[in-house]
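Dear colleague,

Here is the structure I promised to pass on to you. Please have it open beside this message while you read the notes that follow it.

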Amino acid sequence: MADLLFLIPLIPLVASAVVLLFGRTVLGDRSAILSTAAVAVSWLLSVVVAVDIYRSEEAIAQTLFRWIPSGDFDVRVNLYADQLTAVMLLVVSTVGLLVHVYSIGYMRGDPGLYRFFAYLPLFVFSMLMLVLADNFLVMYVFWEAVGLCSYLLISYYFRRRSANNAAKKAFIVNRVGDLGFGLGIMFVFWTFGTVNFFGETGVFERVGEAGSTTITVIALLLFLGAMGKSAQFPLHTWLPDAMEGPTPVSALIHAATMVTAGIYLVARAQSIFLASETAMLIVASIGAFTAFMAATIALTQNDIKRVVAYSTLSQLGYMTLALGTGAWMAAIFHLVTHAFFKGLLFLGAGSVIHGMHDQQDIRAMGGLKKYMPVTYWTFLAAALANAGIIPLAGYWSKDEIILGAWISDYQPIGQIVSIVAIVSAFLTALYMFRLVFVVFHGRERFDPAVVHPHESPRVMTLPLVALAIPTVLIGFIGAPPEHGLYHRFVEPVFYDVEAEEAEAATYVVAQEGDPAPAGEAATAADAAGGDHSDGAYLPHEPSTAQIVSFGVISTVAAVGGLVLAWLIYFRGAISPVELGQRFRRLYDISYHKWYFDELYDGLIVRPLRSSAIFLWRVVDIDVIDAMVNGVAGGLAAVSQRLRQVQTGLVANYALAIALGMVVLVGVYLTAFSSLFR
Amino acid sequence: MEWASVAFYLIATVCVLSAAGVVIARSAVHSAIFLILCFLNIAATFVMLGAEFLAVVQVIVYTGAILVLVLFVLMLVDEDQLPDFHTGQPIQRISGLILGLILLLEIGAAITARSIQGATGGATPENVAAVGGNTQALGRVLYDDNLLAFIVVSLVLTVAVIGAIVLALPDRRVGINQRRGTGTINLGHPVGTDGIPLALPAVRGESPIAAATPGDLRPVAGERQIIMVRDPDAYTEVGQHDAAPDNRPLIKR
Amino acid sequence: MGLDLDLTAPDLTLAWPQLIVFVMTVVLLFADAFVPKAQHFATLTGISLVGYIGAAFALVTQSGQNAATFDGAFRADGLTVFLSLIILVAAVATVVISASYLQNGEQQLGSDGRLRIANSVPAGEFYVLIGFSVFGAMLVAAAGNLIVLYIGIELSALATYVLTAFAKRRLTSVEGAMKYFLLGLFASAILLYGMTWIYGVTGSMDLDRIAAHLAGTDAGDGFTDPALLLGLLLLVVGIGFKMAAVPFHFWTPDAYDGAPTPVTAFMSVVPKAAAFAAAIRLFVQALEPLSDQWTTLWAVLALVTMVFGNVVAIAQRNVKRMLAYSSIAHTGYIMVGLAAYTSGGTIDDPSISSLLFYILAYTFMNIGAFAVITYLQQRGVGMMLEDFNGLASTRPLIAVAMTLFMASLMGVPPLLGFYAKYYVIVAAIDADLLWLAVTIVVASAVSAFFYLRIVAVMYFNQPDGRPLALPTRLLSGGIGVLAVATLLLGLFSSPIIDLADQWSGALTVLGRTAGQ
């Protein structure tokens, strides 16, 4: 099986290359079928690999080739698949496949179809390589590659100015994160002398060798990369704008897969983060803040895709929060469930937009339930899952995150973020059902004479139904809480012997060197009632009472939000307009997305712009360009002179050879021989 | 001084002088005759070194066969149609002479100042005598030690023959009226013709290159008409520095 | 030693690859005469391809071999294998890209706007001469003594002279050939003179014996005997001419420009590979004890060559001339590998491996570039920069391939050319030649000037609307394969480097013979 690992990413790559080369001329609309088939094969192989890993409970690896053999810096391109990778493979390929199928219908008739179906498998390839990488450098390459694909796909409608701006914004904001990631990798290499993840000499085994400050710096730099890609505050502003891309792209890249790369990175580098209390604190705080902030913004947005986008931000905040409180499995679990229900939400939103003839403003919708029943029911399922209503997918993972944060080692931050998460859960239900009620129920706020809403074609509704099934059911792989099928499968990655040793090592280091954090950690652990009697790091065993009570709390929060939304937007018992008037200040903050875009514009973009203009007008044109042009002009002039040596005369050529020979012989005989000694 | 030495220096002097004559002589026929003289002297040197076989081969093959053939060809061709070998500028001749002299000096210095003596090879007089003489020794070296080189040399000759045939055969696929045409390639033209944009060969029939107007062909100061195939300028870019009027921008904006 | 008769038959199994090429050439010679006209062209192309590819396979079986035959005149070792492989790759590529050229002849755009044949190139003789030239070059790679080395060079060069003149109705072709021929003879004489000096001083033609003899003569005062030095320098001049090193490069632009384009592609690689083969055999194997002298010499020549080639290429508007100067510049980069040789030739020494890898890389990207010109030129255009106007809109795939070749020649990562330069730079730094490493980088930056100009012209200018026929399937396939190789081979360079590292095996024999 290990020998076939390389086929999983390779097949989409080949499809992408073929479509890129022959899509326009030969394949035409068949490009879509080809790409979809390639991703289907890739999906099939991923399933086989996952089953294989599930059976053997062992990671599989494949060496492809030495990429950079250069002294100490020996980078090989290896593929590595353990349980975590297997989960990611399944998510990426499954959502990828369904989005491909959906796109066949969604993109039909688009003149640039082949481009779309060249970039999409290219993205799938890059994402699969990212999760299969076994060292930081290869990961970084594909980290950039998925960013590139994202850029290309956001600006797919490149004639639209806003799409181009959004693509640039996404790329530039991500650069900030990528810079951090790049620096982090350099620090890793500087500290450990390798960038490989695993094995005796790998980074993860040797985290204990580095000083606590170093490891904190590394962890924070890596997290900066994760923040960019996973759109965490303060680098979150690109994601809502990225909705300029075609809707399937939003579903695949900006909801289900690429944005979770940051979560995957932190989870993969678990041992690095575990070694730094500070880093964990920052990760948890940022996650919680993002979850809350995005939820409040989502309450007031009127663009259907933007609401879903802010919801994505919020859910990514949940995952980050879980990572920061050491609830690794919960984070990845939420990643999985989120991929399905958020993918579904986006595809559903796309279906609505498609049926409404490219109308995205929810104020111009309403009562769509009777026009597009399949979209409605699937969208409802996804909304329920996102809101965290038992027993749908979102409930299980979100509840686990809230519970995990409450009982984590990291206190008091754990309990604070847990409360934030509960509040956000309430808000989540509120904005999700605001969306459902405003779009599908109530009065038709469009002119039926002009707009004829219709259900989308079969090829689009089929993926909706296909995604609805996991949206409803996938939560059960995590049931009962903490002991589901999912937990048993992934557990070896996060709580294995090595992790225990790493943990023990940090305890020893902490006790010897810097007692303060160790003390804190110990007391925190005691307070949470975790069992550390044998010194090993094990997942907390929440009591049944805790499980039940947190289940009740989060359900109450979610249902509360749902009921409130029902009262406001369905019954009309409370007027949303009046509410907005009364809390004018809060409404404005939310509506203007906490003024982040304005803030960045004032603080960063404008100063940069004016300094850039200065650099361009003065430094660039007058100094650098003048220099470059001078050098180029000088070279050209020298070239003109020198070319005249080529006279076309054999006699001159022969003379030049003779001259060269005479000079060489003369110099050498005088300088190096014993002639004049 | 021994007579042998006197004879050697005499032969060597004639040899060098006749070699110089090959280069200096204005007429190709004279050059060829000087070359015969030179080869004969080399053969004489071989005899003095005891290499009779080589000497005979030198006379029969080079002097007898090859050079006579060369003379034959030269006689058959009208001398006026041969390219002029001496159109170079005096500066070329002088600098060539100076460079040659310096090189001679350097080689002389190397010879006189060398400290290591040449190592003895396998063909010592005793060894040669043991196998029955010079010719036998040569045979052994040729057919044993240097067998591979000996075989490959035959290929070199094959290539030369093929090349000669290909280049001399008329073109099979080009029409008969296009086939004939003479052009003189230029190996040494006076620098004075540099100003001509693209001087062209006088070609009868249709030429692959556009026909020349008479004005393009400028006779050079009383000498035979030298035709330049092309001017280096025609193939290289004339930059802004040279301010050529027809210099259009490379990338249109 | 002595004149004893040794009549044991040479071990021809060691020379399988060379023999295959030789037999193929002879078969071609007869096939040319007897195959009927209808199948003539296809048959000859087929025989050539089968022969070269067969020889390449035979070569692979010799990997790891380290033996000599013909009384030490013929060597089958790691160096032979790798260099011959390069030459065969170049041969196959040449046959592939020249096929359509030979079929259609060299065309010209007449004044009436119609294409017509201006030069037809006889296919049979073309293939035969390519075969002989390849055989000669392979012989240089396998040479064990000075005479075989010299004759190999001459065989290879003589065939190339003739090939240069193949478009004989175009006077530039004949003129280029004549210049190449005359200057080539001049250089050969110098080379031969150098060889006689080396023979005179050491008393042997055998490369290993020369090394053994020299190892015993070192006076230890850091100065070399003038006679020895003179021989060395004359060899450098002779070999430098064949490599097209500045200031012995003058034949290159004229000959490259004049020759039919497939021939230009061929002679930009094979004679160069043969010259470097000769250089490694002569300097690294035979004159190894003098390495302190020749490394500095090559370093200086490399510097001058790189700078001169790149700077003068800027002024060229004729793409073939531009590529001629570019090939001079690349000679400079390759010579850095020679200059970075550190005495002793340990297995870890990356210099010669980097040199070998560079020639291989150069083979792919340079022949690729000439393949594109072949495609354009046979339609009567393609020589000048303007002929590339708007190629991206008329033939986008070919434009992409050309862009790849240009970028690779420039050394853009992750293309093949980048890796080649990378290895050479690493070798230079290992040998403490930091200034040379810096020069490579600067020279590459300068080279962007003229390489990118072609790309710019292809993408930003408007096509002039002249008709462009489709490339034949063989030609477009060839361009495609070369482009893919240029794109991907760099990523998989480590097995190639491992193969190149076998060159050091050629030196371990030296130790054994020196002990005798």
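Residues 6-25 of chain B are 95% helix and 0% strand, with 28 Å between the end C-alpha atoms; helices here are DSSP runs of H or I of at least four residues, strands are runs of E of at least two, and both are numbered from the N terminus. This is a predicted model, in which local features need pLDDT of at least 70 and side-chain atom pairs count only at pLDDT 80 or more, while totals for chains, interfaces and linings use all residues. Residues are numbered from 1 along each chain as its sequence is written, and chains are lettered from A and ligands numbered from 1 in the order in which they are written.

The span 6-25 is one of those that the unreviewed UniProt entry lists as "transmembrane region" in chain B, together with 32-49, 55-77, 97-116 and 147-170; the positions follow the numbering used here, feature names are shortened, and such annotations may be inferred rather than shown by experiment. For residues 55-77 of chain B, the model gives 96% helix and 0% strand, and the end C-alpha atoms are 31 Å apart. Chain B as a whole has nine helices and zero strands, and 19% of its 253 residues count as buried, that is, with 20 or more other C-beta atoms, placed from the backbone, within 10 Å of their own.

Turning to the contact between chains C and A, 34 residues come from chain C and 31 residues from chain A, where two residues are in contact if their C-beta atoms, placed from the backbone, lie within 7 Å. On the side of chain C that touches chain A, the elements that give two or more residues are α6 (171-202), α8 (226-243), α9 (251-258), α12 (291-313) and α18 (434-460), and α8(C) gives the most, with seven residues.

Within chain C, α8(C) also packs against helix α11 (residues 270-286) at an angle of about 155 degrees, with the axes 8 Å apart; axes are lines fitted to C-alpha atoms over the stretch in contact, and angles run from 0 to 180 degrees between N-to-C directions. The two helices are therefore roughly antiparallel, a term used for angles over 145 degrees. Among the residues that meet in this packing are C:Leu235 and C:Ile239 of α8(C), and C:Phe276 and C:Leu282 of α11(C).

With best regards

Terms used: Angles under 35 degrees count as roughly parallel, over 145 as roughly antiparallel, 65 to 115 as roughly perpendicular and the rest as oblique. A residue is buried if 20 or more other C-beta atoms lie within 10 Å of its own, exposed if 12 or fewer, and partly exposed in between; C-beta atoms are placed from the backbone.
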